[in-house]
Amino acid sequence: MVRSLAQWTKTLSFPSRISPNKNSKENVNTVSPTVTPTISSNSLSPPCLKNNEINNIMNESHLTSELSQIYPDPDSEKSIMSSVVYCIHHKEGCKWSDELRKLKAHLNTCKHDAKPCTSNCGAQIPRVLMEDHLKYTCPLRRARCEFCTKDFTGESLENHIGNCGYEPIYCENKCGLKIQRRLLGQHKGGDCFKRLVACRYCKKDFVADTMAAHHTKCGRVPVACPNRCETTGLVREDMELHMKDQCTTSLLCCAFKDAGCRFKGPRYSIEKHLEENSPHHLTLMCSLVTKQQHQIASLKSALSRLSLNYSGTLIWKVSDFSAKMAEAKTKEGMELVSPPFYTSQYGYKLQASLFPNGNGAGEDSHISVYIKILPGEYDALLRWPFAHSVSFTLFDQSTSPEKACNIMESFIPDPTWKNFQRPSKEPDSLGFGFPRFVSHEMLKKRHFMKDDTMFVRVKVDPSKIVAV
Ligand SMILES: [Zn+2]
Ligand SMILES: [Zn+2]
Ligand SMILES: [Zn+2]
Ligand SMILES: [Zn+2]
Ligand SMILES: [Zn+2]
Ligand SMILES: [Zn+2]
Ligand SMILES: [Zn+2]
């Protein structure tokens, strides 16, 4: 192929400003594109040609002989060789500019001049990049794996990295350890403390380093019966049931434990114990019942203390009166007593009594009513003799209260009477009152009795004035 000089001049730039021939029109004309000699294909080349081709072209004698064919005139040739040109790598940044004859020498040192890789990888590498290429990117460079220290060519090292068995990498179980790749499988299956392991008892998976903690509570861990019974194959989660219902040697208490029997024995011996100890158990039960009776009594008194009347007025409901009267007629001196009541919270403790069939002067004809002074909690602080007036009222239970006509009797205590002195622990059985309070005849009249019930009010008044 034949290239024109125009192509040649495209490759070589002629800076007109610094050209030594810029004043010589003739010389300029000698390289003018208007002159179109032909040269052989290996003489001149555009910048796309490989460097070795350029080298061939730039072989000075070769070029000279070529040019001598084109320009037989040695003066023209000299003139051309003296033309000032830029480096063929001008566009890539080379600032070199000088006579054409010196281009060859420049290209040997031009940093932008590409050269074949000296390791013969076949790549063209700009001189400036050659060192980097040989060190880092040349596929034929010699390189050593830092982990296994084997030598590789650059290309095979790239394949090797990421596969090297000696490279330490983090364990995928996140145990935090770095393990050589070749040992990782062994680590993950063996000594990695974050590997999943199945509990040998319950078969569930746990992280290896939590297994010890799991075993302390795993329900399927075999345990021995603390009573050393002969049961085998007991596991932790069944132990409670075993101790409660199944263990033959677990000690049970006698059913009469709460009554005081201290017997304890294995399940099988309990029945025998019960059979043989009936009298003992009966004795225990009796004393328990007695104890409980005392408790009940003390509870009752505590309860009555709570419900005590401190108002000084007692309304006494006497029900089933006809039965009580019948009983009184056959039983001499039968007395009904009222619940105790107080004249005030810290006052005298009193109790009313009623003889349905009368007493003393009223016997067999009247009901008699009395008041008794009982030993009270605060007697030591009270005035003696007792001096409050006392009134008894039998209510007429008429449906219209305005027509009602109650019966009332009252008295002011006589300070000389023994009944009104401070009572001893064993008070007199009789109090003070009215043996002929209401006659049996009168009781049947009006509405004193209704539904076989009568109401008697006992009112204590500290003012001594007899209430009306
Ligand atoms: Zn250059
Ligand atoms: Zn290379
Ligand atoms: Zn390696
Ligand atoms: Zn690990
Ligand atoms: Zn388990
Ligand atoms: Zn057991
Ligand atoms: Zn017992």
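Here are some questions and answers about this predicted model.

User: Before we start, what are we looking at, and how are residues numbered?
Analyst: It's a predicted model, where local features need pLDDT of at least 70, side-chain atom pairs count only at pLDDT 80 or more, and totals for chains, interfaces and linings use all residues. Chains are lettered from A and ligands numbered from 1 in the order in which they are written, while residues are numbered from 1 along each chain as its sequence is written.

User: Which strands stand at the edges of the open four-stranded sheet?
Analyst: Strands here are DSSP runs of E, at least two residues long, numbered from the N terminus, and two of them pair if DSSP finds at least two bridges between them. The sheet has the order E15-E23-E20-E21, with antiparallel pairing. An edge strand has a single partner strand, so one side of it is left without a neighbour in the sheet; that describes E15 (313-318) and E21 (407-411).

User: And by how many degrees are neighbouring strands of that sheet turned against each other on average?
Analyst: The axes are lines fitted to C-alpha atoms, and angles run from 0 to 180 degrees between N-to-C directions. For this sheet, though, direction is ignored, and the average is 15°.

User: What is the bridge partner of Leu-394 in E21?
Analyst: Strand E20 covers residues 389-394 and runs antiparallel to E21, with five bridges joining the two. For Leu-394, the partner in E21 is Ile-407.

User: Which peptide bond is cis, with omega near 0°?
Analyst: Look in the loop between E19 (366-374) and E20, where Pro-385 is found. Most peptide bonds are trans. The cis one here runs from Trp-384 to Pro-385.

User: Is Thr-149, with its positive phi, buried or exposed?
Analyst: Thr-149 has phi near 60° and lies in the loop between E7 (142-144) and E8 (151-153). A residue is buried if 20 or more other C-beta atoms, placed from the backbone, lie within 10 Å of its own C-beta, exposed if 12 or fewer, and partly exposed in between. Thr-149 has 8 such atoms, so it's exposed.

User: Where is Asp-364 found?
Analyst: Asp-364 also has a positive phi, near 70°. It is exposed, with 10 other C-beta atoms within 10 Å. Its place is the loop between E18 (349-355) and E19.

User: Which element gives the largest share of the largest nonpolar core?
Analyst: A nonpolar core is a set of buried Ala, Val, Leu, Ile, Met, Phe, Trp, Tyr and Cys residues joined through C-beta atoms within 7 Å. The largest has 28 residues, with Ala-352, Val-369, Val-456 and Val-458 touching the most other members. Five residues come from the top contributor, a strand with eight of its nine residues buried: E19.

User: How many bridges join E18 to E19?
Analyst: On one pairing of E19, with E22 (residues 432-439), there are five antiparallel bridges, and His-366 has Ser-439 as its partner. With E18, the strands run antiparallel too, and Ser-353 is partnered by Tyr-370. The E18 to E19 count is seven.

User: How far apart in space are Pro-462 and Ser-389?
Analyst: Pro-462 sits in the segment after E23 and counts as partly exposed, with 13 C-beta neighbours inside 10 Å. The two residues are 73 apart in sequence, but C-alpha to C-alpha the spacing is 6.4 Å.
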